[in-house]
Amino acid sequence: MIGGRGGALIGLGVAGLILCLTLGTLAAVAWRAEAASGLGPADWAALRFTLLQAALSATVSAALAVPVARAFARRRFRGRGVLIALLGAPFILPVIVAVLGLLAVFGRSGLMNDALRALGLPEVSIYGLQGVLVAHVFLNLPLATRLVLQGWAAIPAERFRLAASLGLGPAEVGRFLERPMLRAVLPGAWVAVFVLCLTSFAVALTLGGGPAATTLELAIYQAFRFDFDLSRAALLAAVQFALCLAAAGLAAGVARPAGLGAGLDRPVDRRDAGSPWLRVQDGAVIAAASLFLLLPLAMVLLRGVPQLGALPGPVWEAAARSVAVALASTLLCVALALPLAIAAVDLRRGGRWLEAAGMLGLATSPLVLGTGLFVLLRPLVRPADLALPVTVLVNAVMALPFVLRALLPALRDLRAGYGRLAESLGLAGMARLRLLTLPRLRAPLGFGAGLAAALSMGDLGVIALFADQRTETLPLQLYRLMGAYRMDAAAGAAVLLLGLSLGLFRAFDRGGRGHAGP
Amino acid sequence: MLVLDRLRIVQDDFTLTADFTVPTGARVAVIGPSGAGKSTLLAAVAGFVPLAAGRILWNGQDLAPLPPGARPLSILFQDQNLFPHLTVTRNIGLGLRPDLRLDRAQQARVAAALERVGLAGLGARLPAQLSGGQQGRVALARVLLRARPLLLLDEPFAALGPALKAEMLDLVAEIAAETGSTVLMVSHEPADARRFAPLSVLVAEGRAAPPAPTAALLDNPPPALAAYLGR
């Protein structure tokens, strides 16, 4: 055992806490929802739109991910590693910054409409369904591409060698190697994007809205914030949770092995993809994807950097608040994740359940959690006083699955490699944590903490439910600036937010890598 | 005295039985075909494998309630005997106190053990900065400090060349003599068994046989051992 009996108890306690926070708040919400009369037409519309946009976002992201990942899998070029690393950036990119960047490219006075006007063509609007789609594809194409690229990387080099020795061309390689892999990988990628888009809030808040483009999450926010109709918010929250749970079940069900077997990690030699036409095709795909993903960010930087010196005082105050929230949330998240992960690896039988409890954050909507906490705590505290503590707590729970995913494989390896040695020496309890677990887990802990910090830093969700001027975080401040059409200040704040998010991630991630020993 | 009392280990469709006594201070080789259960036998004595039936006794005390670290033994595995992120000194220090809060006298003992295995001055290194033989010596220095009456060797030197392996076995023999330890050593090499262990336990066909004189066993092997030896 890594943590001994005490460690297992702490892990069970954490799992219980997560269950209370996710299912407990849902119960509180459901209890309030009893008074409601059922879903009205607007609510049904929100449900339909939520499903439609998530399905379309997932389909487009997965479909585009195939050529992009194939191009990356077939080509080796200078800067490939950097580009692939950049593909991971949108995951920790604050959504509101992405939206600002997309507005700079696709908005009313953005690059694209300027070009269309110059050519005398009709303008396109980034608001409504198409805007939500563009933003979701922008945010999730990198994730889908990485998942599919992992699928390509998992095809053993020996299969390609065999294909080359048999003289198979691109079509045959596609049929015998790539299609089985895609059949195994794509459903998972589709569902991953689908689930993320189901609870997407900031995108719908900024680019959606109105009767035709309101998601459930946005409807909860509106019911809560504008109508103060708690029972309706609660009912919508219950629907949202059911939806997320069903999607999580779907995600668990679609994983399917490709049956391509293991290889000996020989370098991949793609002789099937050597033709000039395929080179040009792959080059164009990579260039187009990079342009789509990097141009909006470049626009934010271009507009925002000159504004940094002239940012209004409240922006700096909000930034300080956000950093404090992110650090507190990171600390809490790691404090929850570590005992939970240790207990999940230690307890053979109960471990899977503990892991599942930690993953509940994936199926939970932050607004549902926030609404539930509000319902529970309203008799005791003023909502505005709750804003920051609840945000810290909710962000920690939402980041928990990602931190767990970073820790669990490392803990399992540690147990497999050094578990018996530690036990034979009687290394247990705090001494084991101090001398073995923490030093060996530095890298995944740093990475996980970095993710938690960046996600919390950029979060525009539950904070919008409660905040007043005294408790605004930087993303909310940025949203308010955009709403007031103070686009210069908004761009400056966006650069600040981007810098702080990436900076926090990098600081933690590097801290985990520094002198960790060979 | 180590007593394996009607021992029975069951893992899926694999079963191993043992019922014998090893006298205190004996050096015993555990030999037999691969997959016969030599390592499993040692793992059971060390407390890593549950018993389906029977008892393991050391000087009359049943080891069953003791977790691995509290048993009166030290074990060296095939590999991963050192923590790669801890210095040589700290790896050895674990043998005195698992929380590494060593006082001055204990630190001096660590330094002395390091010198005893011929690695004086290398205490600040990490295991990766040592050769395979030196890593084995570090593990033996820790065995020396733990000073447990029973020593289990699960082929920790299998990756070393013949000369180096012989050298390590000599060091083990010296340390065992100094601490008065009883040694059980898994071996693939008949020559190692002859050189190191006057007695041998043959593990084959689901059974660990009582210790028998090594030379006689190897000279007149029963059929299962003969097949393994290629005779």
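A disulfide, for our purposes this morning, is a pair of cysteine sulfur atoms within 2.5 Å. I begin with that definition because the count of disulfides over all chains comes to 0 under the 2.5 Å limit. Please keep in mind throughout that the structure before you is a predicted model.

Let me stay with the cysteines for a moment. Why does A:Cys20 form no disulfide? Its closest cysteine sulfur belongs to A:Cys333 and lies 18 Å away, so the two are too far apart for a bond. A:Cys20 is also exposed, at a relative accessible area of 53%. A second example is A:Cys244, whose sulfur has its closest cysteine sulfur in A:Cys197, at 12 Å, which is again too far for a bond. A:Cys244 is buried, with a relative accessible area of 0%.

A:Cys244 leads us to another residue of chain A, namely A:Thr199. A:Thr199 sits in the loop that joins α9, residues 170-198, to α10, residues 202-207. Is A:Thr199 buried or exposed? With a relative accessibility of 16%, A:Thr199 counts as buried, because the limit for that class is under 20%. Once neighbours within four places in sequence are set aside, the contacts of A:Thr199 are A:Glu217, A:Gln240, A:Cys244, A:Thr364 and A:Ser365. The buried cysteine we have just discussed is thus one of the residues that A:Thr199 touches.

I turn next to the salt bridges. How many does the structure hold over all chains? The number is 20. I shall present three pairs and one network.

The first pair is in chain A, where the side chains of A:Arg470 and A:Asp468 meet at 3.2 Å, N to O. A:Arg470 is partly exposed, at 49% relative accessibility. Its partner A:Asp468 is partly exposed as well, at 22%.

The second pair, also in chain A, joins A:Glu472 to A:Arg480, and the closest N and O atoms here are 2.1 Å apart. A:Glu472 counts as buried, with a relative accessibility of 6%, whereas A:Arg480 is partly exposed at 32%.

The third pair belongs to chain B. B:Arg101 and B:Asp99 form a salt bridge with their closest N and O atoms 3.9 Å apart. B:Arg101 counts as exposed, at 52% relative accessibility, while B:Asp99 is buried, at 17%.

As for the network, salt bridges link A:Asp43, A:Asp227 and A:Arg232.

Let us remain in chain B and consider two leucines. B:Leu96 is placed in the loop between α2, residues 88-93, and α3, residues 104-116. B:Leu96 counts as buried, at 18% relative accessibility. Which residues does B:Leu96 touch, not counting those up to four places away in sequence? They are B:Leu102, B:Gln106, B:Arg109, B:Val110 and B:Leu145. B:Leu76, by comparison, stands 20 residues from B:Leu96 in sequence and 16 Å from it in space, C-alpha to C-alpha.

The other leucine, B:Leu225, belongs to helix α8, residues 223-229 of chain B. B:Leu225 is buried, and its relative accessible area is 0%. Beyond the residues up to four places away in sequence, B:Leu225 touches B:Ile31, B:Leu202, B:Leu217 and B:Leu218. B:Val22 is 203 residues from B:Leu225 along the chain, and 21 Å separates their C-alpha atoms.

I close with the interface of the two chains. How many residues does each chain bring to the contact? Chain B contributes 24 residues and chain A contributes 18 residues. Between them, chain B and chain A bury about 1900 Å², of which 67% is on carbon and sulfur atoms. On the side of chain B, the residues that lose the most area to chain A are B:Phe48, B:Phe83 and B:His85, which together account for 30% of what that side buries. Sorted by class, the side of chain B that touches chain A has 15 nonpolar, 4 polar and 5 charged residues. Across this interface there are 0 salt bridges. Polar contacts, on the other hand, are found there: 5 residue pairs in polar contact, both residues at pLDDT 80 or more.

To recapitulate, the model is predicted, its count of disulfides is 0, and it holds 20 salt bridges over all chains, with 0 of them across the interface of chain B and chain A. Thank you for your attention.

Terms used: Residues are numbered from 1 along each chain as its sequence is written. Chains are lettered from A and ligands numbered from 1 in the order in which they are written. This is a predicted model: local features need pLDDT of at least 70, side-chain atom pairs count only at pLDDT 80 or more; totals for chains, interfaces and linings use all residues. Side-chain values use heavy atoms; hydrogens and water are left out. Contact means heavy atoms within 4.5 Å. Buried area is the accessible area (1.4 Å probe) that two parts lose on being put together, summed over both. A salt bridge is a side-chain nitrogen of Lys or Arg within 4 Å of a carboxyl oxygen of Asp or Glu. A polar contact is a pair of N or O atoms within 3.5 Å; within protein, one must be able to donate a hydrogen and the other to accept it, and residues adjacent in sequence count only if both atoms are side-chain atoms. Ala, Val, Leu, Ile, Met, Phe, Trp, Tyr, Cys and Pro count as nonpolar, Asp, Glu, Lys and Arg as charged, and the others, Gly among them, as polar. Helices (H or I, at least four residues) and strands (E, at least two) are DSSP runs, numbered from the N terminus. Buried means under 20% relative accessible area, exposed over 50%, partly exposed in between (1.4 Å probe, protein chains only).
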